[in-house]
2 protein chains.
Amino acid sequence: MHTGGHFVPEPMTLLSLRAGGKAALARALARIEQAPDSAEVVDLLSDAYAAPTAQVVGMTGPPGVGKSTLMNALIQAWRASGQRVACIAVDPSSRRSGGALLGDRTRLSTDPEDQGIFVRSMAARDRLGGLAGLTISAMVLMRALYDVVLIETVGVGQSETEVVGVADTVLFCVQPGSGDSLQFMKAGIAEIPHVVVVTKADMGPPARRARADVKGALSLAEEPGGWAIPVLMVAAMEKRGIDDLVAAIDAHALYLRDGGRLAAARRAQAGQWLVEAVRERFGREGVRRAGDLSLATNESPFRRLAELAQRL
Amino acid sequence: MHTGGHFVPEPMTLLSLRAGGKAALARALARIEQAPDSAEVVDLLSDAYAAPTAQVVGMTGPPGVGKSTLMNALIQAWRASGQRVACIAVDPSSRRSGGALLGDRTRLSTDPEDQGIFVRSMAARDRLGGLAGLTISAMVLMRALYDVVLIETVGVGQSETEVVGVADTVLFCVQPGSGDSLQFMKAGIAEIPHVVVVTKADMGPPARRARADVKGALSLAEEPGGWAIPVLMVAAMEKRGIDDLVAAIDAHALYLRDGGRLAAARRAQAGQWLVEAVRERFGREGVRRAGDLSLATNESPFRRLAELAQRL
């Protein structure tokens, strides 16, 4: 739009984003990052929050378990049935080695010309914990524009907690053989997933053993009358088990729609984001107000904190 | 001490803790947890901060890599040479499944009668990020009472960042064969460790391949003239490679003592704890002051946050 020689950009709205395709979404994400507190961004995100269209699927598991291969297979299956998919790959690496060791983590083989698939890598950001505010905003926006939003995080422990905070349906991937899946479950799962995927099912007996171990571990955690957690075996390379996995994800979507579970779960998530965002804002402001926090030689951080706490 | 019929507990001091053994340390940790801001605790921790005696060794790596076996072997080697060892196993699991799936994570086979080894499991606590304040306090106290403090965290990504924030020497464990060590390094390492341990060296060629992969990945990250990161192979079950690992840990201690590196690194760590602690305090206070943060049906968390931010 040109007015008197000045270029006035179209206001970002859900409507303009739906019309503008992937380029418009990329611009909107850049705008959210630059000006998260602007009225324009708050309006857009509030509109998107009120008009969700997608199921949000979170996927987590240790590195090397085969998440990228599985994501490619899932995306293909969804695209084949005409569903439009947005992907967020959350990058766990932090400051120092970010560039050097990391490389391209997503390794998704998607067609860049396909307007029905949007892929974005995002930093988990610093150690403040939880998924970065930008990831949540991006998810909310994509949730109002696509049919499926797939969020991938790497790791164990922390990452399930994070993905549970933004996903409707959480997939947890384990691989057979490497160590003991049972021990893995004991050590690694901080939150109960909705679907467990044993990857590399072409390994045969170890995969079946891993599946039995996981089922055993989950039997301790399942709530009677609640969602029965399926433990599926897939061999994503050969596309085996993908249909069953898609069906399990669909079944969980149906389960969530029953009795308003989905709306309640999303409202609880949003409440939690708000608490975290408030904590983060005030914490940042507190650090700013505390001023110079560097310690003198031999100065005790414990005494300094006690002094600062008194001024709170 | 009895005074006029009232029981007045001995004040906790480093001296009383040195005399009181493991029971006294356990009581002090309980007191730190109950009353972290009390003058008594601040005094004790400040004294301990000023009088470190131990090298703090952090160990991290994915579940199933064999950290417990390796810890047992290291502890035995240190005890055999007369060193007194304190261990903190940081438990990554969070709220919900904590009890049910977790069980006893440490699996350390230490002699409970041995006053020279103290083991404690600690929660990584909620998603606020970083190691919990209690873990830092416990480490500082143990650092003034023992010869070695060994801190174990599970996982990839986040956990290295955490352990780097408290340890002098960081060991990162990888196992051969499972997936690709190189990819693992790419995906999982957020901070550069000081020593890399390839476990299960009895696997032979896969272990040597893993070692070569890791060395290749690290060559991109090493700083010229700095610490050359050793990549060692151990078979902890058969106690192979443990002496070399102990020697590498000792060598890093010597490296740190050179030119005041250790004091500088510890002061930087303490400065970072202080920033995190201030952020956490103010954040918590901000959430308290914000009052009821629950959302009405269809209320946008983005709008609510924008309103709260204006009142900041």
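Reader: Leaving aside neighbours within four places in sequence, which residues is Arg79(A) in contact with?

Author: This is a predicted model. In it, Arg79(A) touches Val85(A), Gly116(A) and Ile117(A), once its neighbours within four places in sequence are set aside.

Reader: In which helix does Arg79(A) lie?

Author: Arg79(A) belongs to helix H3 of chain A, which covers residues 67-80.

Reader: Why is Arg79(A) classed as partly exposed?

Author: The class depends on a count of C-beta atoms within 10 Å: 20 or more make a residue buried, 12 or fewer make it exposed, and a count in between makes it partly exposed. Arg79(A) has 17 other C-beta atoms within 10 Å, so it is partly exposed.

Reader: How many residues apart in sequence are Arg79(A) and Arg209(A), and how far apart in space?

Author: They are separated by 130 residues in sequence and by 32 Å in space, taken from C-alpha to C-alpha.

Reader: Turning to the whole chain, how many helices and strands are there in chain A?

Author: Chain A has 11 helices and nine strands. Of its 312 residues, 47% are buried. Among contacts between residues at least 6 apart in sequence, 73% join residues at least 24 apart.

Reader: What domains does the domain assignment of chain A give?

Author: The assignment gives domain 1 as residues 12-50 and domain 2 as residues 52-263. Between the two, 14 residues of domain 1 of chain A are in contact with 12 residues of domain 2 of chain A.

Reader: Which helix gives the most to the side of domain 1 of chain A that touches domain 2 of chain A?

Author: H1(A) gives the most, with 10 residues. Helix H1 (14-34) and helix H2 (39-50) of chain A each supply at least two residues of that side. Sorted by class, the side has 10 nonpolar, one polar and three charged residues.

Reader: Now confidence. Which elements of chain A have the lowest and the highest mean pLDDT?

Author: Helix H4 (residues 98-102) of chain A has the lowest, at 34, and helix H9 (residues 242-257) of chain A has the highest, at 97. Over residues 94-105 of chain A the pLDDT is below 50, and this stretch has 29 contacts in the model beyond near neighbours in sequence. Residues 126-130 of chain A also stay under 50, with 14 contacts beyond four places in sequence.

Reader: What pLDDT does chain A average, and what does the model score overall?

Author: Chain A averages a pLDDT of 83, and 81% of the residues score at least 70. The model scores ipTM 0.84 and pTM 0.77.

Definitions and conventions: Residues numbered from 1 in each chain as written. Chains lettered and ligands numbered in written order. Predicted model: local features only at pLDDT ≥ 70, side-chain atom pairs only at ≥ 80, totals over all residues. pLDDT = per-residue confidence, 0-100. Helix = DSSP H or I, 4+ residues; strand = E, 2+ residues; numbered from the N terminus. Contact = placed C-beta atoms within 7 Å. Domains from an automatic or database assignment. Nonpolar A, V, L, I, M, F, W, Y, C, P; charged D, E, K, R; others polar.
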